[in-house]
Structures are given as structure tokens and as C-alpha cells.
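User: I am new to this structure and would like a close look at a single part of it, namely the aromatic cluster and what surrounds it. Please take me through it slowly, in one connected answer.

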Amino acid sequence: MIVIEKGIPLEPKKVIQQRRFPLELMEVEDSFLYPIEDGDEFYSIEANCVRAAVWRYAKSTGRQFTSRKVDGGLRIWRIL
């Protein structure tokens, strides 16, 4: 049975904004590391948020990026 509870504060949304990343400063073959702990239970969620922010920026500018999971986090490269 699901219990309805009152008075539980809403957790703040984890928002990753594209301006947090140096995407507009990157030239082809440049990269940066977005640090995420590998043992973090939210690794895939956070990595997907980063990828989505980069995708939105790429779509609006015509640039292309790729990402890979590496030791220490997620690395983003500009490829075009």
C-alpha cells in the first residue's frame, strides 16, 4: 500500500546548464573532463544530463561533440 505523506519538502532539481561548460571556447580536438565519482549511484543520470546539455549546445551551433566515460568522470571532445 502506498502511503500519502504531507509536509515533505521538495528536493531541489539537479540542473546542469551548458554555460557551466567551456563549449564556446573549444576548438576542434579540444576536450575537458567533467568529474563524476565512478562509484556514484547517480553516475549515469549525471552523465546523461551533461551529454544532453552538450547536445543542445551542439544542435544550436552546428558544432559536434563526443563523450567517453574515462577514469575520473566523463570526457567531452569537440570533433567538428
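Analyst: What follows begins with the aromatic rings and then turns to the sheet, the helix and the nonpolar core.

Please keep in mind that this is a predicted model, and that every value below is computed from it.

The structure holds three aromatic pairs, and two of the pairs can be described here in detail, beginning with Phe21 and Phe32. The ring centres of Phe21 and Phe32 lie 5.7 Å apart and their planes meet at 20 degrees, so this pair is stacked, the limit for that being under 30 degrees. The two residues come from distant parts of the chain, since Phe21 belongs to the segment before strand S1 (31-35) while Phe32 is in strand S1 itself, eleven residues apart. Phe21 has a relative accessibility of 3% and therefore counts as buried, and Phe32, at 12% relative accessibility, counts as buried as well.

Phe21 also forms an aromatic pair with Tyr34, and here the arrangement is edge-to-face, with 5.7 Å from centre to centre and 75 degrees between the planes. This pair, too, links distant parts of the chain, with Phe21 in the segment before S1 and Tyr34 in strand S1, 13 residues apart. Because its relative accessibility is 9%, Tyr34 counts as buried. Taken together, Phe21, Phe32 and Tyr34 form one aromatic cluster.

Strand S1, which holds Phe32 and Tyr34, is part of an open sheet of three strands in the order S1-S3-S2, paired in antiparallel fashion. S1 and strand S2 (65-70) stand at the edges with a single partner strand each, so one side of each has no neighbour in the sheet. On average, and with direction ignored, neighbouring strands of this sheet are turned by 25 degrees against each other. S2 and strand S3 (residues 73-78) run antiparallel and are joined by six bridges, and Lys69 has Leu74 in S3 as its bridge partner. The charged end of Lys69, in turn, sits over the ring of Tyr43, at 4.7 Å from the ring centre.

Helix H1 (residues 43-61) packs on this sheet and touches S1, S2 and S3, with its direction making about 15 degrees with that of S3. Arg56 has its place in this helix and counts as partly exposed, because its relative accessibility is 43%.

How do the rings fit into their wider surroundings? Leaving aside neighbours within four places in sequence, Phe32 is in contact with Phe21, Pro22, Leu23, Met26, Leu74, Arg75 and Ile76. Several of these names return in the largest nonpolar core, which has 16 residues, and in which Phe21, Leu23, Phe32, Val50, Phe65, Leu74 and Ile76 touch the most other members. The elements that give two or more residues to this core are S1, H1 and S3, and H1 gives the most, with seven residues. In soluble globular proteins, nonpolar side chains tend to be buried together.

Key
Residues are numbered from 1 along each chain as its sequence is written. This is a predicted model: local features need pLDDT of at least 70, side-chain atom pairs count only at pLDDT 80 or more; totals for chains, interfaces and linings use all residues. Side-chain values use heavy atoms; hydrogens and water are left out. Rings of Phe, Tyr and Trp (its six-membered ring) pair if their centres lie within 6.5 Å; planes under 30 degrees apart count as stacked, over 60 as edge-to-face and the rest as tilted. Helices (H or I, at least four residues) and strands (E, at least two) are DSSP runs, numbered from the N terminus. Buried means under 20% relative accessible area, exposed over 50%, partly exposed in between (1.4 Å probe, protein chains only). A charge sits over a ring if NZ of Lys or CZ of Arg is within 6 Å of the ring centre and within 35 degrees of the ring normal. Two strands pair if DSSP finds at least two bridges between them. Axes are lines fitted to C-alpha atoms, for helices over the stretch in contact, and angles run from 0 to 180 degrees between N-to-C directions. Contact means heavy atoms within 4.5 Å. A nonpolar core is a set of buried Ala, Val, Leu, Ile, Met, Phe, Trp, Tyr and Cys residues joined through side-chain atoms within 4.5 Å.
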